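Reader: I should like to go through this structure by question and answer, with the reasoning set out at each step.

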Amino acid sequence: YIDDKTFGQSPNYRILKELSKYSDRDDFNGFIIQTTTGLVANKAKEFREINVKVAEIGLETYNDCILRKYRKPSSEKFIRESVDAANENDLMLIANIIVGLPGETEETYTRTYDFIMHLLENGKLIGINPAIYTDYNNDENLGEIDFLKDEQYELNKIWWNKFNQTAANILNKN
């Protein structure tokens with residue numbers, strides 16, 4: 001695993017190809033990185049060339065209206081393009097999901113979940129990593145790993161459990 005929270009922000013990625021040449025471990029299969037959907041869409045071939053095998057992407061939600069609202073560096077189009085580019089370059093994906101973003105509804109959660117399940121069923125995803133959205137502008141929840149106590153609280157808890165159960169099921173299969 002490359003400790004570079006978003007691939008390319010630290011210069012350590014420049015030595016990956018060279019490092020992989022010196023690995024004498026039989027169980028070394030390549031590197032795992034964290035990155036954006038846009039970088040996977042545009043650099044999947046380069047990732048393959050430096051021996052990256054798994055990219056953990058910030059999918060977060062499969063809903064353009066929410067991604068735009070929070071100025072996320074992704075879109076439904078980039079997400080789909082990143083999946084296609086990963087497949088073309090034998091790159092496995094893990095999707096980071098944010099549960100509890102204000103504005104999520106039963107419909108938006110279902111849309112994200114259905115997209116994730118489609119990817120899993122077609123072997124395009126090897127895992128998901130759900131994370132709780134924390135509103136750091138709210139002093140009452142600062143630093144807490146819990147949902148805001150608002151009208152979405154129960155909905156968020158239901159989907160948090162559903163995404164985590166799916167993640168556990170993936171781990172149990174492997």
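**Burial, strands and helices**

Author: In this predicted model, isoleucine 66 has a relative accessibility of 4% and therefore counts as buried.

Reader: In which helix is the place of isoleucine 66?

Author: Isoleucine 66 counts as buried, at 4% relative accessibility. Its C-alpha atom is 8.0 Å from that of leucine 101, although the two residues are 35 apart in sequence. The helix that holds isoleucine 66, residues 64-69, is α3.

Reader: Which pattern does the protein follow when read along the sequence?

Author: The secondary structure comes to six helices and four strands. Read from the start of the sequence, these elements give the pattern α-β-α-β-α-α-β-α-β-α.

Reader: What percentage of the residues in the protein is buried?

Author: Two strands illustrate the covered part of the protein. In β2, eight of the nine residues are buried, and in β3 (residues 92-99) seven of the eight are buried. For the protein, with its 174 residues, the buried share is 46%.

Reader: How many bridges join β1 and β2, and in which sense do they pair?

Author: Isoleucine 32 stands opposite valine 54 in β2. Strand β1 comprises residues 31-35, and its pairing with β2 has five bridges in the parallel sense.

Reader: What is the handedness of the β-α-β unit made by β1, α2 and β2?

Author: Helix α2 of this unit spans residues 37-49. The strands β1 and β2 pair in the parallel sense. The β-α-β unit that they make with α2 is right-handed.

Reader: In β3, which residue is the bridge partner of glutamate 60?

Author: Strand β2 (residues 52-60) and β3 run parallel and are joined by five bridges. Glutamate 60 has as its bridge partner in β3 isoleucine 97.

Reader: Which residue in β4 is the bridge partner of isoleucine 97?

Author: Strand β3 also runs parallel to β4 (residues 127-132), with six bridges between them. In this pairing, isoleucine 94 stands opposite glycine 127. For isoleucine 97, the bridge partner in β4 is proline 130.

Reader: Through which helix does the chain cross from β3 to β4?

Author: Six bridges join the parallel strands β3 and β4. The β-α-β crossover between them is right-handed, and its helix, residues 106-121, is α5.

Reader: What is the angle between the planes of tryptophan 159 and phenylalanine 163?

Author: The whole structure contains six aromatic pairs. In one of them, the rings of tryptophan 159 and phenylalanine 163 lie 5.9 Å apart, centre to centre, and the pair is tilted, with an angle between the planes of 45°.

Reader: Why are tryptophan 159 and phenylalanine 163 separated by about one helical turn?

Author: An α-helix has 3.6 residues a turn, so residues three or four places apart point the same way. Tryptophan 159 counts as buried at 2% relative accessibility, and phenylalanine 163 is buried at 0%. Their separation is about one helical turn because both belong to helix α6 (residues 153-173), where they are four residues apart.

Reader: Over the face of which residue does lysine 162 lie?

Author: Ring pairs link Tyr109, Tyr113, Trp159 and Phe163 into a cluster. Lysine 162 is 4.5 Å from the ring centre of one residue, and the face over which it lies is that of tyrosine 113.

Reader: Within what arc do the buried residues of α6 fall, seen down its axis?

Author: The buried residues of α6 include Tyr153, Leu155, Trp159, Phe163 and Ile170. Seen down the axis of α6, its buried residues line one face of the helix, because they fall within an arc of 150°.

Reader: Which exposed residues does the face of α6 turned away from its buried side carry?

Author: The buried residues of α6, among them Asn156, Thr166 and Ala167, line one face of the helix. The face turned away from that buried side carries the exposed residues Glu154, Ile158 and Asn172.

Reader: How far apart are the end C-alpha atoms of α6?

Author: Helix α6 has 21 residues, which at 1.5 Å a residue should span 30 Å. The model agrees with this expectation, because the end C-alpha atoms of α6 are apart by 30 Å.

Key:
Residues numbered from 1 in each chain as written. Predicted model: local features only at pLDDT ≥ 70, side-chain atom pairs only at ≥ 80, totals over all residues. Heavy atoms only, no water. Buried < 20%, exposed > 50% of the residue type's maximum accessible area, 1.4 Å probe, protein only. Pairing = 2+ DSSP bridges. Right-handed = clockwise from strand over helix to strand, strands pointing away. Phe/Tyr/Trp six-rings, centres within 6.5 Å; stacked < 30°, edge-to-face > 60°. Lys NZ or Arg CZ within 6 Å of the ring centre and 35° of its normal. Expected span 1.5 Å × (residues − 1). Arc of directions from axis to C-beta.
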